[in-house]
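User: I would like to go through this model step by step, with the reasoning laid out for each answer. Please begin with the way two helices pack, and then move on to chain contacts and local backbone features.

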Amino acid sequence: MIRLEKRPSPSRFWTMLTPVLAVVLTMIAGGLMFAILGKPPVEAIRTIFWDPLFGEFAYYFAPQLLVKAGPLILIAIGLSLGFRAGIWNIGAEGQYIIGALVGGGVGLAVYPSDSPFLFPLMVIAGGLGGFAWAMIPALLRTAFRTNEILVSLLLVYVAENIMASMALGLMRNPDGAGFPGSRNFKDYPAAFNDELVTGVGMHWGVLAAFIAVIFAYILLQRHMLGFQIKLTGQSPRAAVFGGVRPARLVIFCLGISGMLAGLAGLFEVTGPSGQITTDFNQGYGFTAIIVAFLGRLHPVGILLAGLLMALTYIGGDAAQLNLGLPSSAIQAFQGMLLFFLLGVDILSNFRIRFRKREVV
Amino acid sequence: MKLKTILTGAALAVGLAGAAFAGSHGKTKVGFVYVGPVGDGGWTFEHDQGRKAVEAAFGDKVETSYIENVPEGPDAERVMTQMALKGADLIFTTSFGYMDATINVAKKFPNVKFEHATGYKRADNVGTYSARFYEGRAVQGLIAGRMTKSNTIGYIASFPIPEVVRGINSAYLHAKKVNPDVDFKVVWVFTWFDPAKEADAAKVLIEQGADVILQHTDSTAPLAAAAEAGNVIGFGQASDMAEYADGPRVSSIIDNWAPYYVARTKAVMDGTWTSDDTWDGIGAGMVKIGKMTDKIPADVQAEALALEASIASGEYKPFTGPIKKQDGSDWLAEGETADDGTLAGMDFYVEGLTGDIPN
Amino acid sequence: MDLSAINWLLLLASLMVASTPILLAALGELVVEKAGVLNLGVEGMMITGAICGFAIAVETQSPVMGFFAAALGGAVLSLIFGILTQVLLSNQVATGLALTLFGLGLSSLLGQGYIGIKPPLTAKLHIPYLSDIPYLGQILFRHDPLVYFSLILVLVVWLVLKFTRAGLVLRAVGENHDAAHALGFKVVRIRLAAIAFGGACAGLGGAYLSLIRVPQWTEGMTAGAGWIALAIVVFASWKPGRVILGAYLFGGVTVLQLNLQAAGLAIPVEYLSMSPYLITILVLVIMSADRSRAALNAPGCLGRSFHASS
């Protein structure tokens with residue numbers, strides 16, 4: 001029979017190879033699904049994975065990959081710190097919304113302004129907004145031991161209501177003929193998060209994501225706090241004996257993830273998205289949770305996972321357009337990809353042994 | 001192939017401008033960007049019916065494509081760019097929230113024509129179109145006012161935007177005209193589409209005495225709730241919802257985009273397309289009143305048909321004075337009709353409606 | 001405002017209907033979590049149940065068959081999660097989220113031919129005698145069978161968890177899987193069974209939406225109900241009886257806020273519609289602040305992977 005044997009430490013070889021294996025398995029299973037739907041499987045797979053990177057219009061789509069992946073990576077990096085310590089922030093979506101509202105609100109409040117300090121101020125406000133929203137579950141957990149999964153999740157719905165209220169009321173564009181939605185930041189240069197170099201997709205948010213990857217890497221590898229995070233995740237009891245103060249760690253992890261989510265929201269709403277509307281959030285906060293795990297909670301892994309996830313979105317749209325695949329098929333395909341990535345992960349942590357069934 | 005790649009690559013430098021040439025040969029390519037799934041049975045479903053009508057009308061001469069479930073924001077912009085790069089000649093963007101994205105993409109592709117639904121920003125290659133649903137609401141209001149026995153009419157409203165407010169005002173004015181005792185109860189659900197919430201809202205309104213339910217949300221859930229309650233009637237919204245015709249559905253307002261989509265596609269084919277602002281109603285066939293069922297007495301049917309006809313001919317405008325605003329101030333004097341600007345930005349209730357518009 | 005416009009009797013009656021889908025889903029998830037597994041894929045299982053139930057009910061014209069199919073569909077989908085997390089030891093949080101994504105996509109694919117169709121009606125039970133009791137009869141005893149089934153199921157789950165050997169084993173597995181394994185219990189099998197039960201309950205909850213409460217099939221029709229169900233499990237501090245309380249409280253506030261709006265209460269709608277979430281948080285804080293009840297009954301091994309390293 002087959003049995004699994006835990007490796008003393010994850011296999012480097014398999015850690016590198018499993019994602020590739022997962023993608024190949026997904027292509028087979030997904031291709032099968034596309035074939036059942038009556039679409040050419042090979043072409044569909046090529047459209048999703050190949051065309052955005054190397055196809056005819058790659059010069060447009062490759063930069064878009066950064067635009068799509070930027071917020072996912074930024075949020076996922078923050079979440080991964082908490083996840084490593086066993087602190088579950090499921091409500092990054094809410095922190096994303098509040099960050100965008102607070103930061104964007106600062107810009108809208110002083111409209112029109114051409115101060116060069118405005119955008120940095122908005123960035124700070126956005127980060128603080130997300131931080132403050134994440135402090136609600138953090139403080140409730142430290143003060144009353146209230147479950148942070150639940151509180152952070154419920155606060156997403158509260159944030160969505162605030163967002164709708166803002167887009168329809170306080171932040172509504174006074175020149176917008178009564179329609180919902182704020183002024184467009186694209187027409188407000190001092191507050192606009194523009195591409196740093198035209199045509200490469202790189203804006204401040206993407207840059208922030210890369211910085212966050214480096215920052216998280218150093219924190220986890222070289223810093224005492226990173227060690228405490230990892231220790232708490234492995235053994236909360238040992239961590240307390242080792243001098244970790246759990247309450248502080250909760251506040252730090254939720255705070256930093258809230259802040260990064262808030263920043264992502266601000267960069268998104270003042271840049272690619274451009275406007276505060278009744279539903280400008282796009283589920284990045286939830287998708288980022290998946291990205292964090294796909295990247296195995298490792299900063300570099302998250303970077304790659306974010307890009308892969310972005311690729312399936314962009315390629316998925318192309319498949320809809322070119323082959324008439326329904327968007328639900330793309331969703332199911334993404335689900336499969338995640339299943340396989342998570343499933344084959346076992347190979348890096350375990351050895352598979354074949355041996356005969358023992359006679360009992 | 002190579003040459004095209006080089007050409008389009010060069011086009012990047014001048015803002016992707018030339019890419020559209022790559023596809024403009026033979027077939028006219030028409031793209032549709034949808035905010036919901038084509039299976040929503042309401043808003044997006046009807047736009048997709050319009051797309052199918054384009055295919056049926058021109059056969060081999062057109063090639064249509066669509067992307068559904070496109071969130072408003074950067075995704076929309078990317079999807080439109082994707083369509084334009086693939087050589088679309090005409091792109092319909094079918095949600096208000098696509099407005100700025102449409103304008104941005106249109107700037108990069110001056111040779112592609114864009115049609116944005118329900119917005120107000122236009123450019124040389126961006127036209128806008130919308131339907132005067134409030135004309136249909138007037139007919140609906142009349143039927144509702146005549147049919148109600150409890151004199152309480154429930155109204156499920158989505159978001160407090162001019163489009164929805166216009167509908168409430170129009171329905172109320174025409175219900176009031178035929179039944180001075182009528183009272184409207186409005187519930188805001190803050191969603192276009194959430195069957196469970198819509199069902200709850202309908203049930204609540206029925207429990208509070210409403211025997212006519214009007215809805216400005218897209219699912220059939222309120223009709224199902226009305227069917228369950230028994231002596232309650234309702235109307236199809238966006239689609240005909242004829243599957244409830246043997247039950248509570250007595251009529252409907254149908255979004256009929258097909259004639260417009262066919263006409264605009266034809267204009268692109270003929271090279272006669274120009275940017276304009278279309279706001280059509282019952283007259284042009286963009287808004288249709290679904291078949292009335294026998295539940296409506298013959299005289300009321302006749303009255304409703306007469307109203308529909310007078311709106312269609314342009315002889316009667318649903319917002320004709322004297323009308324006061326909710327706070328009692330004058331809005332339209334005797335015989336005065338509302339101008340399109342005021343209608344487009346309507347953010348107030350007319351006199352007699354209770355409650356506030358949330359903001 | 002005219003509060004007398006609100007018919008409180010009908011409000012209580014419709015509260016029971018509005019709460020049943022989340023009650024069923026939350027109950028299933030409670031059993032899963034009691035076994036030490038955190039499945040965040042409730043939303044995906046619910047919507048899959050909704051379409052499986054709807055499709056089969058339409059094809060067979062039998063709502064009963066529909067509900068069976070829904071339970072089966074939810075259970076089968078949940079076993080993807082089960083195999084990944086229990087056999088292949090993948091992370092439960094991420095796998096659960098992936099399950100939701102997959103379930104939403106799959107259900108839309110399956111449901112393509114079922115849009116705009118009316119399902120066969122599920123008859124209401126008018127329980128003899130009881131339904132004629134003034135007031136109470138109207139509130140409690142004139143519902144469809146699933147409402148009662150969900151309540152009975154809560155009772156059964158409570159009894160099984162508390163008084164039977166099976167329940168004891170399940171709790172032991174959730175509390176400390178290593179100890180349970182040492183005692184010779186098949187941890188993985190027990191957890192797979194719990195996961196399948198949770199999937200079946202979520203499927204039933206979804207089908208309740210598509211076959212009774214709404215009733216129709218539309219893509220994405222669960223609209224977040226699965227997440228609420230998850231919240232209610234924690235809210236109930238893993239006690240079956242309190243799941244009823246949580247679900248009815250949430251359903252009640254949802255229905256009440258619509259009632260208040262229709263009655264013309266001058267509170268901005270946005271605040272009213274966020275109230276169910278705020279009230280849930282508030283109650284949760286109050287309950288978790290009470291140290292005697294605290295430790296919150298959370299199963300010791302919740303969310304942790306088990307591998308028998310012998």
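Analyst: In this predicted model, the crossing of α1(A) and α2(A) is right-handed.

User: Which residues make the contact between α1(A) and α2(A), and how do they divide into nonpolar, polar and charged?

Analyst: From α1(A) the contact draws on Met27(A), Gly30(A), Gly31(A), Phe34(A) and Ala35(A), while α2(A) brings Pro41(A), Val42(A), Ala44(A) and Ile45(A). Glycine is counted as polar here, and the residues of this contact come out as seven nonpolar, two polar and no charged.

User: At what angle do the axes of α1(A) and α2(A) cross, and which term describes their orientation?

Analyst: Helix α1 of chain A spans residues 12-36 and helix α2 of chain A spans residues 41-49, and their axes come within 8 Å of each other. The crossing angle is roughly 125°. An angle between 115 and 145 degrees falls outside the parallel, antiparallel and perpendicular ranges, and α1(A) and α2(A) are therefore described as oblique.

User: How confident is the predictor in chain A, and which of its elements have the lowest and the highest mean pLDDT?

Analyst: For chain A the mean pLDDT is 86, with 97% of its residues at 70 or more. Among the elements of the chain, the lowest mean, 72, belongs to strand β1 (residues 2-6), and the highest, 94, belongs to helix α6 (residues 118-144).

User: Which helix of chain C gives the largest share of the side that touches chain A?

Analyst: The contact involves 37 residues of chain C and 35 residues of chain A. On the chain C side, α3 (63-87), α4 (92-110), α10 (225-235) and α12 (269-289) each supply at least two residues. By class, that side has 26 nonpolar, ten polar and one charged residue. The largest share, twelve residues, comes from α4(C).

User: Which helix of chain A gives the largest share of the side that touches chain B?

Analyst: Here 32 residues of chain A meet 36 residues of chain B, and on the chain A side α4 (58-84), α7 (148-168) and α13 (299-323) each supply at least two residues. That side divides into 14 nonpolar, 14 polar and four charged residues. The largest share, five residues, comes from α13(A).

User: How many residues of helix α12 of chain A are buried, and which elements do they pack against?

Analyst: Helix α12 of chain A covers residues 284-294, and eleven of its eleven residues are buried, so this helix is largely enclosed by the rest of the structure. The buried residues include Tyr284(A), Phe286(A), Ile289(A), Ile290(A), Phe293(A) and Leu294(A). Their packing partners are α4, α5 (92-109), α11 (246-270), α13 and α14 (327-344) of chain A, together with α4 of chain C.

User: Where does Arg296(A) lie, and what is its phi?

Analyst: Arg296(A) follows α12(A) and sits in the loop between α12 and α13 of chain A. This residue counts as buried because it has 21 C-beta neighbours inside 10 Å. Most residues other than glycine have a negative phi. Arg296(A), although not a glycine, has a positive phi near 55°.

User: Is Ser237(C) buried, partly exposed or exposed?

Analyst: Ser237(C) is located in the loop between α10 and α11 (240-262) of chain C, and its phi is positive, about 40°, although it is not a glycine. A residue needs 20 or more C-beta neighbours to be called buried. Ser237(C) has 19 inside 10 Å, and therefore counts as partly exposed.

User: Which peptide bond in chain A is cis, and which residues does a cis bond join in chain B?

Analyst: In chain A the bond from Tyr111(A) to Pro112(A) is cis, with omega near -10°, and Pro112(A) belongs to the loop between α5 and α6. In chain B, Pro322(B) is in the loop between α10 (298-312) and β13 (323-324). There, with omega about 5°, the cis bond joins Gly321(B) and Pro322(B).

User: Leaving aside neighbours within four places in sequence, which residues are in contact with Ala208(A)?

Analyst: Ala208(A) is part of helix α8 (residues 204-222) of chain A, and is buried, with 23 other C-beta atoms within 10 Å. Outside its neighbours within four places in sequence, Ala208(A) is in contact with Leu74(A), Leu263(A) and Phe267(A).

How values were computed
Residues numbered from 1 in each chain as written. Chains lettered and ligands numbered in written order. Predicted model: local features only at pLDDT ≥ 70, side-chain atom pairs only at ≥ 80, totals over all residues. Axes fitted to C-alpha atoms, helices over the stretch in contact; angles between N-to-C directions. Helix = DSSP H or I, 4+ residues; strand = E, 2+ residues; numbered from the N terminus. Parallel < 35°, antiparallel > 145°, perpendicular 65-115°, else oblique. Left-handed = near helix turned anticlockwise from the far one by under 90°. Contact = placed C-beta atoms within 7 Å. pLDDT = per-residue confidence, 0-100. Buried ≥ 20, exposed ≤ 12 C-beta atoms within 10 Å, placed from the backbone.
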